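Trainee: I'd like to learn how to read a model feature by feature. Could you walk me through this one?

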Amino acid sequence: MTREEIIQPENLVYKKPTLLNDEPMHYCPGCSHGVVHKLVAEVIEEMGMEEKTIGVSPVGCAVFAYKYIDIDWQEAAHGRAPAVATALKRLMPDRLVFTYQGDGDMACIGTGETIHALNRGENIVIIFINNAIYGMTGGQMAPTTLIGQKTATCPYGRDVKLHGYPLKMTEIAATLAGTCYVTRQTVYSVGAINKAKKAIKKAFQLSMEGKGSSLVEIVSTCNSGWKLTPEKANQWMEENMFPFYPLGDLKDNSTKE
């Protein structure tokens, strides 16, 4: 087979999503953010929504998401992305509107905005990156930090008597009347990546069908904050994060009128 035959479209197996800009990502090696960015870009392109998508990115590691995915973006103050997304979707109901938030942003300073937007059934999607730590600002304890997990601000491990219990935002979202689809996925393997992509696409489609709010949690690694290699971080996530944050759909009302 000649080189010309190899690069013909009918022989194409994989290509970089056209919506991903040629911009070196600032994420640490092994970070889950880059994979999720790729999935979001692929889904938007497959849905033909390139010109009708608005992403909302607040504060945290994902603050520069607008540099990587070539769609319209709106920056939001720390934790306020669901409120901003609500306004955008109500003003422009034909747009695909999603937020891209970390656990510190969505589950701490933005807890109120998140819960109320989901409970109202706003036709938006929240993509929630949960790595159980504040990755951008120095590895402090997050609302999702596991019991006993060590961070910069709980160096002896999270103590329930002192710090309280980890907050399971996805389980809370599943109880709210306004949510249509609530799921928890991960991207640490090829199989998991494929499932995560299907979940993101389903959530996006349901929002365009006016079915209500969707929350897609991605259980992720932060090898820098955890002080582990990418390989060891995946192993630690599998052994510690998955038992406490089990994967799968928590709520699916997609068939309801």
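Trainee: Let me start with two rings: are F98 and F204 buried or exposed?

Mentor: Keep in mind that this is a predicted model. The cut-off for buried is under 20% relative accessible area, and both F98 and F204 are buried.

Trainee: How are the rings of F98 and F204 arranged?

Mentor: For a ring pair, look at the centres and then at the planes. Here the centres are 5.4 Å apart and the planes stand at 40 degrees, so this pair is tilted. Then ask where each partner sits: F98 belongs to strand 3 and F204 to helix 8, so the pair ties together parts that are 106 residues apart in sequence.

Trainee: Which rings make up the cluster with F98 and F204?

Mentor: W73 joins them, and ring pairs link W73, F98 and F204 into a cluster.

Trainee: How many aromatic pairs does the structure hold?

Mentor: There are 7. One of them is F64 with Y66, an edge-to-face pair with 6.2 Å from centre to centre and 70 degrees between the planes. As for accessibility, F64 is partly exposed at 31%, and Y66 is partly exposed too, at 38%.

Trainee: On to helix 2. Why is helix 2 described as largely enclosed?

Mentor: You count its buried residues. In helix 2 that gives 10 of 14, so the helix is largely enclosed by the rest of the structure. The buried set is H33, G34, V36, H37, L39, V40, A41, E42, V43 and I44.

Trainee: What covers the buried residues of helix 2?

Mentor: The cover includes strand 1, strand 3, strand 4, helix 8 and strand 6. You've already met two of these, since F98 lies in strand 3 and F204 in helix 8.

Trainee: What span should helix 2 have, and how far apart are its end C-alpha atoms?

Mentor: You take a rise of 1.5 Å a residue and compare. The 14 residues of helix 2 should span 20 Å, and the end C-alpha atoms are 20 Å apart, which agrees. After the helix comes G48, with a positive phi near 70 degrees.

Trainee: Which residues other than glycine have a positive phi?

Mentor: Two to look at are A132, with phi near 65 degrees, and K227, with phi near 60 degrees. A132 sits in the loop between strand 4 and helix 6, and K227 in the loop between helix 9 and helix 10. Their surroundings contrast: A132 is buried at 0% relative accessibility, while K227 is exposed at 70%.

Trainee: And helix packing? How do I describe that?

Mentor: Two packed helices are described by the angle between their axes and the distance between the axes. Take helix 3 and helix 5: their axes come within 8 Å and cross at roughly 30 degrees. On the helix 3 side the contact is made by P82, A83, T86 and R90, and on the helix 5 side by E113, T114, A117 and R120. By class, that contact has 3 nonpolar, 2 polar and 3 charged residues.

Trainee: Last topic, salt bridges. How many does a search of the whole structure find?

Mentor: It finds 15. For each pair, check the closest N and O atoms, then the accessibility of both partners. K16 and D22 form a salt bridge with those atoms 2.3 Å apart; K16 is partly exposed at 39%, whereas D22 is exposed at 72%.

Trainee: How far apart in sequence are the parts tied together by E23 and K67?

Mentor: First the bridge itself: E23 pairs with K67, with the closest N and O atoms 3.9 Å apart. E23 lies in the loop between helix 1 and helix 2, and K67 in the loop between strand 1 and strand 2, so the pair ties together parts that are 44 residues apart in sequence. E23 is partly exposed at 36%, and K67 is partly exposed at 30%.

Trainee: Which residues are linked in a network of salt bridges?

Mentor: K38, E42, E46, K197 and K201 are linked that way. E42 should look familiar, as it is among the buried residues of helix 2. For a further pair, try D94 and R95, with the closest N and O atoms 2.8 Å apart. D94 is partly exposed at 34%, and R95 is partly exposed at 22%.

Note on methods. Residues numbered from 1 in each chain as written. Predicted model: local features only at pLDDT ≥ 70, side-chain atom pairs only at ≥ 80, totals over all residues. Heavy atoms only, no water. Salt bridge = Lys/Arg side-chain N within 4 Å of Asp/Glu carboxyl O. Buried < 20%, exposed > 50% of the residue type's maximum accessible area, 1.4 Å probe, protein only. Helix = DSSP H or I, 4+ residues; strand = E, 2+ residues; numbered from the N terminus. Axes fitted to C-alpha atoms, helices over the stretch in contact; angles between N-to-C directions. Contact = heavy atoms within 4.5 Å. Nonpolar A, V, L, I, M, F, W, Y, C, P; charged D, E, K, R; others polar. Expected span 1.5 Å × (residues − 1). Phe/Tyr/Trp six-rings, centres within 6.5 Å; stacked < 30°, edge-to-face > 60°.
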